[in-house]
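Me: Hi! I have a structure open and would love to talk it through with you. Could you help me find my way around?

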Amino acid sequence: MPEVIIPIGPQHPALKEPVNFRVIADGEKIVRIELDLSYNHRGIEKAAEQRNFIRVLPLLERVCGICSHSHATVFAKGVEQLMQLEVPPRAQYIRTIIAELERIHSHLLWLGVAAHEIGFNTLFMWTWRDREAVQDILEEMSGNRVHYGMNEVGGVRRDLNPSQVKAALSRLPHLEERIAKYVEMVERQKTMLVRFRDVGKLTKDEALKYGTVGPTARASGVDYDVRKDDPYLVYADAPWNVVTDTNGDVYGRTRVRIGELAESIKIVRFCLENLPAGNIRVNAPKTAPKGEVLSRYEAPRGELVHFIRTNGTDRVERVDIRTPTLANWTSVAVGLVNQNLADIPVIVAAIDPCLSCTSRLTVVDNGKRKTTVVSFDELRRKNLSNNEEARP
Amino acid sequence: MAASLSQRLVNWARQKSPWITIFNSGACNACDIEIIACLMPHFDLERFGILARGSPRHADILIVTGPVTLKQASRLRRVWEQIPDPKYVIAMGACGADGGVFHGLYHVMQRVEDVIPVDVYIAGCPPRPDEIINGVVTCLDLLAKDAQHGGKKWREMREVEITEMDIKKGELTP
Amino acid sequence: MTDRLALDFVAAAMRDYGPAGQAGPGRIRIATTPDKIQEAIRVCQGALQCDRLITISSADNGTTLELIYHLTGPHRTILSLSISLPRDAPKTPTLSDILPPAGIYERQIHDLLGIVFLGHPGLKRIVLNEEWPENEFPLRKDWKPGPDTWYGGIREGRT
């Protein structure tokens with residue numbers, strides 16, 4: 001079978017991580033798609049077995065740059081459950097504030113990248129500019145724009161003083177106004193309605209069968225959300241709703257994410273206004289008793305799972321990380337069958353991959369025996385030209 | 001050495017409008033997102049004339065993020081070879097310097113320096129956009145200094161000379 | 001959302017496959033064997049109404065390798081079915097035909113721990129690079145990088 005390998009070359013900076021998938025195509029239609037994740041494999045799970053509970057958190061935070069607080073929190077939560085520690089309420093509130101701010105900045109990032117995929121670059125610039133407001137709040141609270149380092153086993157490492165809380169609350173109205181604009185836009189903007197409709201459609205049964213998680217699943221009507229199913233942190237007390245949609249296509253996923261933006265702002269406001277007094281941490285023992293826990297968390301992209309096993313020492317025996325993008329991959333592989341090659345950028349961007357497909361794309365053409373070199377950028381340009389009339 | 005008019009024009013264009021290309025060698029993405037945030041209206045790298053281009057053949061500066069995973073090492077090398085001279089390499093963050101948190105892991109080469117020669121290191125995990133702009137401007141200063149003396153060879157030979165002098169004086173052990 | 005499953009109910013449904021025990025709030029653990037795992041999963045999908053696979057966790061216990069399948073459903077209880085495999089020839093039937101997402105988790109476990117999933121449509125490399133030697137499984141407890149083995153990367157010097 002003739003194979004085509006695309007030369008490397010990072011495309012537009014908007015496409016982040018390199019991942020390779022082999023697309024077996026018959027002319028323009030996709031027959032099968034296979035995944036290769038070795039570009040990013042660093043060996044973190046093995047290294048985590050050799051670091052104690054203090055040193056392992058910065059390593060786990062850096063599994064992913066966008067959901068770094070998610071990884072740190074889910075691990076700390078799991079170990080605290082094994083050690084049977086009662087984390088003070090103030091720490092839970094602070095963790096929730098950072099978690100929801102992370103969700104907001106992640107969804108805004110996604111909105112910009114998805115807009116870029118359909119050629120709507122203005123929206124790309126707007127959303128990333130609004131992200132900066134969120135980054136400012138996070139920097140005031142934690143000292144860094146990414147990789148906040150707020151967590152430790154037993155609580156949080158930094159407290160919020162009243163002036164920080166006031167500064168954060170003062171930035172929220174601007175964000176709420178921008179989010180309301182995006183909510184209105186997704187209902188009315190013709191570009192999005194045309195380009196996202198009926199692309200990458202997943203029915204509710206398919207979403208469940210393929211193990212899809214997160215906004216991708218909720219757009220198909222599946223109402224699983226770890227924050228409601230297995231409440232942790234402050235989600236049982238804060239007033240918020242799970243956002244679902246019935247469209248099941250990329251448009252549905254856009255609506256779910258924008259809806260979640262509005263819900264997250266509500267949670268942040270609730271937590272900031274009702275921050276309880278008290279300690280921010282309890283002293284954690286150096287070693288954890290022998291045990292096993294399955295710790296789950298709703299990261300911006302979906303359900304993140306850490307399976308942690310301890311053996312009585314000061315380090316874990318095993319931490320098995322399952323990221324939401326890996327869970328959603330099966331739905332992409334299935335959802336892309338019989339679609340056009342040119343639709344790949346939009347469909348893959350719609351699951352909000354934390355390994356964004358970029359440079360490497362191998363196209364194997366079943367029918368003609370010739371090699372065609374197709375780069376991701378060309379696919380996107382083809383995508384855009386196929387839909388000329390939708391350009392703003 | 002006085003440069004010809006055309007050479008001076010080319011040098012001026014390179015300094016005033018360098019084009020960069022970004023290579024992610026297996027990073028956690030935080031550095032890449034900070035670079036993209038640099039290009040967005042808030043920090044706006046493009047007002048300095050810096051354009052981020054996809055193809056290495058058009059670039060002056062290569063920015064490498066991430067500890068180089070074993071899979072990406074040969075590809076990084078190939079991309080670097082495709083960039084026409086004079087080329088400059090910026091290694092971003094703690095990962096670029098010595099692997100960062102990923103030092104010693106089984107699927108990384110750890111140092112960008114082991115794969116391609118590096119000119120500028122930017123510290124941070126991830127570096128802030130202002131620090132990235134500072135790093136790129138430092139690289140441009142290097143570019144200007146090298147251009148005055150006819151190219152990068154001058155700087156590399158100077159480094160060898162300085163090292164040998166320090167060894168003779170006893171300040172550095174060979 | 002329906003009511004959480006009670007331990008007795010699950011233990012009764014799974015009694016042909018292995019003992020069930022409460023492993024934490026909302027999680028029930030059942031230890032079974034590789035020859036019964038496919039049937040056990042089918043019972044979970046049927047009588048116990050589990051409609052999605054959360055993940056397949058793997059661990060190296062020293063003497064054996066262990067695989068744990070976590071399933072859940074509208075009742076929000078997590079059922080963890082675990083099997084133990086011998087270290088020298090770990091083989092188990094694949095579950096990718098009855099649980100489609102298992103395909104990708106099994107590929108990853110095969111790469112890192114060396115467990116062979118019989119009947120899997122394509123157990124190719126997914127997380128390790130193509131030059132990684134065939135019989136080295138990094139996540140096993142007794143694995144250390146050999147000083148003379150080539151694992152990938154580049155050989156030639158940098159300039």
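**Chain C, step by step**

Reply: Happy to! Along its sequence, chain C follows the pattern α-β-β-α-β-β-β-β-α-β. Keep in mind that this is a predicted model.

Me: How many helices and strands does chain C come to?

Reply: Chain C has three helices and seven strands.

Me: And what box do the C-alpha atoms of chain C fill?

Reply: Along the principal axes, that box is roughly 65 × 30 × 30 Å.

Me: What percentage of chain C is buried?

Reply: Of the 159 residues in chain C, 42% are buried. As for contacts with a separation of 6 or more, 49% of those in chain C link residues 24 or more positions apart.

Me: Let's do the strands. How do E1 and E2 of chain C pair?

Reply: Strand E1 (residues 20–24) and strand E2 (residues 27–31) of chain C are antiparallel, with four bridges. C:Gly24 has C:Arg27 in E2(C) as its bridge partner. The two strands make a hairpin with two residues between them, and C:Gly26 in that turn has a positive phi of about 85 degrees.

Me: Okay, what about E4 of chain C, is that strand largely enclosed or open?

Reply: Strand E4 (residues 64–72) of chain C is largely enclosed by the rest of the structure, because seven of its nine residues are buried.

Me: Which strands does E4(C) pair with?

Reply: One partner is strand E3 (residues 52–60) of chain C, which runs antiparallel to E4(C) and is joined to it by eight bridges. Another is strand E5 (residues 78–86) of chain C, also antiparallel and also joined to E4(C) by eight bridges.

Me: Which residues could I look at to see those pairings?

Reply: For E3(C) with E4(C), find C:Asp60, whose bridge partner is C:Leu65. For E4(C) with E5(C), find C:Leu67, which stands opposite C:Ile83.

Me: What do the turns look like there?

Reply: The hairpin of E3(C) and E4(C) has three residues between the strands, and C:Gly62 takes a positive phi near 95 degrees. The hairpin of E4(C) and E5(C) has five residues between the strands, and there C:Arg76 in the turn has a positive phi of about 65 degrees.

Me: Wait, C:Arg76: buried, exposed or partly exposed?

Reply: C:Arg76 is partly exposed, because it has 17 other C-beta atoms within 10 Å, while a residue needs 20 or more to be buried and 12 or fewer to be exposed.

Me: How far is C:Arg76 from C:Arg4?

Reply: In sequence they are 72 residues apart, but in space their C-alpha atoms are 6.2 Å apart.

Me: New topic! How many residues are in the largest nonpolar core?

Reply: That core has 184 residues, and among those with the most contacts inside it are A:Phe75, B:Ile61 and C:Leu79. Helix H4 (residues 89–117) of chain A gives the most to this core, with 15 residues.

Me: Why would nonpolar side chains be buried together?

Reply: It is a general tendency of nonpolar side chains in soluble globular proteins.

Me: What does C:Leu79 touch?

Reply: Leaving out residues up to four places away in sequence, C:Leu79 touches C:Val10, C:Ile28, C:Ile30, C:Cys44, C:Leu48, C:Cys50 and C:Leu71.

Me: And C:Pro138, where is that, and is it buried or exposed?

Reply: C:Pro138 is in the segment after strand E7 (116–118) of chain C. This proline counts as buried because it has 22 C-beta neighbours inside 10 Å. Not counting residues up to four places away in sequence, C:Pro138 touches A:Gly43, A:Lys46, B:Tyr106, C:Leu112 and C:Trp143.

Me: Last one: what can you tell me about helix H5 of chain A?

Reply: The 22 residues of H5(A) should span 32 Å at 1.5 Å a residue, and the end C-alpha atoms are 31 Å apart, which agrees. Right after H5(A) comes A:Gly143, with a positive phi near 95 degrees.

Me: Great, I'll go and find those in the viewer. Thanks!

Definitions and conventions
Residues are numbered from 1 along each chain as its sequence is written. Chains are lettered from A and ligands numbered from 1 in the order in which they are written. This is a predicted model: local features need pLDDT of at least 70, side-chain atom pairs count only at pLDDT 80 or more; totals for chains, interfaces and linings use all residues. A nonpolar core is a set of buried Ala, Val, Leu, Ile, Met, Phe, Trp, Tyr and Cys residues joined through C-beta atoms within 7 Å. Two residues are in contact if their C-beta atoms, placed from the backbone, lie within 7 Å. Two strands pair if DSSP finds at least two bridges between them. The expected span of a helix is 1.5 Å times one less than its number of residues.
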